[in-house]
Amino acid sequence: MNDVKSEIKNYWNERSSTFDLSPGHIIANRKEENAWKSLLQDKIGGNDKKILDIGAGTGFLSIMLAEMGYEVVGLDISEEMMERAKNKAMGQGVKVEFKLGDAENLPFETGSFDALVNRAVLWTLPDPKKAIAEWRRVLKPGGKLCFFLHEPHPNGVADRVRRHFGNLFILIAERRNPWNTLYDGKKLGVELPFRGGVEPSVITKLLEESGLKNVSAEPMVEIGRFKREGLPLYHKIIASKHAQYCYTAVNPK
Ligand SMILES: C[S@@+](CC[C@H](N)C(=O)[O-])C[C@H]1O[C@@H](n2cnc3c(N)ncnc32)[C@H](O)[C@@H]1O
């Protein structure tokens with residue numbers, strides 16, 4: 001593993017203990033949960049499918065998909081994230097196979113999965129183009145790709161002031177120092193192409209250029225609304241209005 005990947009892995013190992021304390025990372029209410037499940041069902045189809053969740057973290061998508069009856073493999077670069085995901089899945093009585101690995105070099109045979117999902121992962125990868133080629137490789141012909149990613153964070157002066165103000169609350173409520181992140185400034189030593197979010201047109205072009213078909217990008221309006229309803233007040237104040245998109249594509253037969 002190269003230095004950048006090791007640093008990213010170490011960051012998420014450390015972040016794992018507070019990850020689920022961030023309200024944006026977990027389900028806010030039953031309405032949000034139902035909306036996620038119906039979106040996933042709609043995009044992936046019948047539940048006789050084998051699905052890979054890449055950058056599974058503490059198991060947000062993996063556990064939900066296993067609850068829906070899919071056969072799920074969750075993969076992550078961070079041992080600590082995987083350990084938490086394993087414990088959560090066990091606690092919730094669902095079966096998920098968790099595996100350590102790199103999203104850009106997947107430890108699976110070509111054509112292993114009916115569908116591939118992920119949430120909030122592409123932004124933290126050094127080489128998104130390579131990742132998407134690799135994701136396509138492990139999909140069966142006709143297999144579906146479905147992932148979730150934010151558009152760019154607004155970064156005007158007012159937005160930055162609001163974020164700094166909100167960080168004070170995060171410091172207390174989520175027991176972590178939000179200013180101390182690998183992803184701000186030059187700590188990582190390389191520029192991650194999609195850090196800070198990405199325009200949908202950039203992603204759809206990348207998917208099309210990789211040879212995937214039926215590419216689409218949809219803003220997740222309903223899930224965004226349910227999520228906001230469930231946020232604590234300090235997050236409602238600091239939350240900026242950058243939408244999360246659902247991207248889908250098909251590996252041609
Ligand atoms: C923002 S978290 C998202 C976690 C989860 N998908 C969710 O939505 O709750 C990003 C995750 O990507 C993982 N990750 C980062 N780089 C990775 C890589 N190269 N390969 C696999 N996982 C990676 C991190 O360990 C972390 O768990």
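These legends walk through several close-up views of a predicted model.

**View 1. Who sits around the ligand.** There are 19 residues around the ligand, and Gly 55, Asp 76, Asp 102, Ala 103 and Arg 119 come nearest. Sorted by type, the shell holds ten nonpolar, five polar and four charged residues. Helix 1, running over residues 3-19, chips in the most, with four residues of the shell.

**View 2. Polar contacts with the ligand.** Start with Asp 76: an N or O atom in its side chain is 2.6 Å from an oxygen atom of the ligand. Ile 77 joins in through its backbone, where an N or O atom lies 3.3 Å from a nitrogen atom of the ligand. Then look at Arg 119, whose side chain has an N or O atom 2.5 Å from an oxygen atom of the ligand. On its own, the ligand has 590 Å² of accessible area, and the protein covers 97% of that.

**View 3. A salt bridge between distant parts of the chain.** Here the side chains of Glu 104 and Lys 5 meet in a salt bridge, with N and O 2.7 Å apart. The two residues are 99 residues apart: Lys 5 belongs to helix 1, while Glu 104 is in the loop between strand 3 (97-100) and strand 4 (113-119). Are these two partners buried or exposed? Both Glu 104 and Lys 5 turn out to be buried.

**View 4. A pair within helix 2.** Arg 30 and Glu 33 form a salt bridge, and their closest N and O atoms are 3.7 Å apart. Both are in helix 2 (residues 30-44), and because they are three residues apart there, about one helical turn separates them. Arg 30 counts as exposed, since its relative accessibility is 60%, and the cut-off is over 50%.

**View 5. Neighbouring partners and a wider network.** The side chains of Lys 49 and Asp 48 also meet in a salt bridge, at 3.8 Å from N to O. Lys 49 is partly exposed, at 21% relative accessible area, whereas Asp 48 counts as exposed at 67%. Elsewhere, salt bridges with shared partners join Arg 30, Glu 33, Lys 37 and Glu 67 into one network. The count for the model comes to 16 salt bridges.

**View 6. A nonpolar patch on the surface.** Which residues make the nonpolar surface patch? Phe 165, Leu 168, Phe 169, Leu 171, Ile 172 and Trp 179 do, and the patch is about 590 Å². Leu 171 lies in helix 6, which covers residues 157-173. With a relative accessible area of 38%, Leu 171 is partly exposed.

How values were computed:
Residues numbered from 1 in each chain as written. Predicted model: local features only at pLDDT ≥ 70, side-chain atom pairs only at ≥ 80, totals over all residues. Heavy atoms only, no water. Near = heavy atom within 4 Å. Polar contact = N/O pair within 3.5 Å; in protein donor to acceptor, adjacent residues only side chain to side chain. Areas by Shrake-Rupley, 256 points an atom, 1.4 Å probe, with all protein chains shown as cover. Nonpolar A, V, L, I, M, F, W, Y, C, P; charged D, E, K, R; others polar. Patch = residues over 30% accessible without salt bridge, like charges linked within 9 Å, V, L, I, M, F, W, Y side chains within 5 Å. Salt bridge = Lys/Arg side-chain N within 4 Å of Asp/Glu carboxyl O. Buried < 20%, exposed > 50% of the residue type's maximum accessible area, 1.4 Å probe, protein only.
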